[in-house]
Amino acid sequence: MFAADFEYYRAGSVAEARELLAAHPGAKLLAGGHSLIPLLKLRLAAPAAVVDIGRIGELHGISNGGGALHIGALTTHAEIAASAAVNAGAEALAEAASQIGDPAVRNRGTIGGNVAHADPASDLPTVLAALGATFTVSGPDGERSLAAADFFQGMMATALGEHDILTAVNVPAAGSGSGSAYVKFSHPASRYAVVGAAAAVTGAGGTCAGASVAVGGATAVPVRCASVEAALAGRALSADAIAAAAAAAGSDFGDDLLGDVFASGEYRKAVAPVYVQRALTAAAERAG
Ligand SMILES: Cc1cc2nc3c(=O)[nH]c(=O)nc-3n(C[C@H](O)[C@H](O)[C@H](O)COP(=O)(O)OP(=O)(O)OC[C@H]3O[C@@H](n4cnc5c(N)ncnc54)[C@H](O)[C@@H]3O)c2cc1C
């Protein structure tokens, strides 16, 4: 199927993209196109104008500063997976990016497009929720920063307004004695997460000084598993303690479970503790 007609604009800067969005109400931003183009072709979206931000240099790249990794919105999944800085400071993010789709998707898809699209089966929202990432947004009133809990608002819904541009994702760099990991049960065709679990652990002398855990795929937005985190805090990072803590994962999900012909909501909830256990085990090993 072909997309409905639209006007195409290519922005050379964030400022120009914002001007184009203001001049063309309802316009959609185009980054890697791996979610937007299918929507246009299926006519699930039919904007009058598309603003291509794909060549804006200031939105590309990864830098390290102020204790955080700053990842430009146009940085591709392949670039994140290959980045030495991400592999050193946010292993779970590199691990998730390396498992997205296939090489074509990883070479075109961007972190900004991935989180702005906010598909519940996407990998990066889950990891970014567990790692305590913040999102830098350029909007009509200037720049603002949003925490993951405020950014992801529902099924394919974020805090981004019609005239907002996500410019960067900021991930606190892990200190020594910390480790993180991401594991997922992939859909066999698309590789999207049926269930994905991300964990970050800080350990001192084999004792858990802090853990953060998030699960995606089972609910509209990634769930922070406060029960698991509380059960592990202050405990020895043993296999038994991790298994006991992970068993609580489903209790944080609430009643609005996602299901489809491939996996029911109840199945996703039942299998999630297994993936949480695996993510915690890998994160604890990396924490040292
Ligand atoms: C076959 C296939 C398999 C896939 N498998 C996986 C998978 O296993 N795991 C996974 O996580 N993802 C998967 N994806 C999704 C992929 O990861 C892309 O990241 C995702 O499609 C969107 O990124 P994009 O850069 O292509 O964004 P686009 O398609 O260009 O844009 C997506 C949406 O985000 C908006 N947008 C884009 N950039 C910005 C910005 N900077 N600020 C504000 N809004 C913005 C656009 O307007 C649009 O609404 C898959 C995609 C395909 C086609």
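**Exercise 1.** In this predicted model, determine the handedness of the crossing in which α11 passes α12, and describe the contact between the two helices.

*Solution.*
Step 1. The crossing of α11 past α12 is right-handed.
Step 2. Two packed helices are described by the angle between their axes and the distance between those axes. For α11 (residues 239-246) and α12 (residues 265-287), the angle is about 140° and the axes lie 9 Å apart.
Step 3. On the α11 side, the contact is made by I242, A243 and A246. On the α12 side, P273, V276, Q277, L280, T281 and A284 take part.
Step 4. Sorted by class, this contact of α11 with α12 comprises seven nonpolar and two polar residues, with no charged residue.

**Exercise 2.** Establish the strand order of the open four-stranded sheet, identify its edge strands, and state which strands α5 and α12 touch.

*Solution.*
Step 1. The order is β11-β12-β13-β14, and the pairing is antiparallel.
Step 2. β11 (178-186) and β14 (223-224) each have a single partner strand, so they stand at the edges and one side of each has no neighbour in the sheet.
Step 3. Strands of a sheet pair through backbone hydrogen bonds. Between β11 and β12 (residues 193-204), the antiparallel pairing extends over nine bridges; V183 has A197 of β12 as its bridge partner.
Step 4. Helix α5 packs on the sheet and touches β11 and β12, its direction making about 25° with that of β11.
Step 5. Helix α12 also packs on the sheet, touching β11, β12 and β13 (207-216); its direction makes about 35° with that of β12.

**Exercise 3.** Explain why helix α5 (residues 91-98) is described as largely enclosed by the rest of the structure.

*Solution.*
Step 1. A residue counts as buried if 20 or more other C-beta atoms lie within 10 Å of its own.
Step 2. In α5, the buried residues are E91, A92, L93, A94, E95, A96 and A97.
Step 3. Seven of the eight residues of α5 are therefore buried, which means that the helix is largely enclosed by the rest of the structure.

**Exercise 4.** Characterise the shell of residues around the ligand by its nearest members, its contributing elements and its composition.

*Solution.*
Step 1. The ligand has 30 residues around it, of which G32, H34, G101, G109 and G113 come nearest.
Step 2. Two or more shell residues are given by each of β2 (28-30), α6 (103-108), α7 (111-117) and β10 (165-172).
Step 3. The largest share, five residues, comes from α7.
Step 4. By class, the shell has 13 nonpolar, 13 polar and four charged residues.

How values were computed
Residues numbered from 1 in each chain as written. Predicted model: local features only at pLDDT ≥ 70, side-chain atom pairs only at ≥ 80, totals over all residues. Near = placed C-beta within 6 Å. Nonpolar A, V, L, I, M, F, W, Y, C, P; charged D, E, K, R; others polar. Axes fitted to C-alpha atoms, helices over the stretch in contact; angles between N-to-C directions. Left-handed = near helix turned anticlockwise from the far one by under 90°. Contact = placed C-beta atoms within 7 Å. Buried ≥ 20, exposed ≤ 12 C-beta atoms within 10 Å, placed from the backbone. Pairing = 2+ DSSP bridges.
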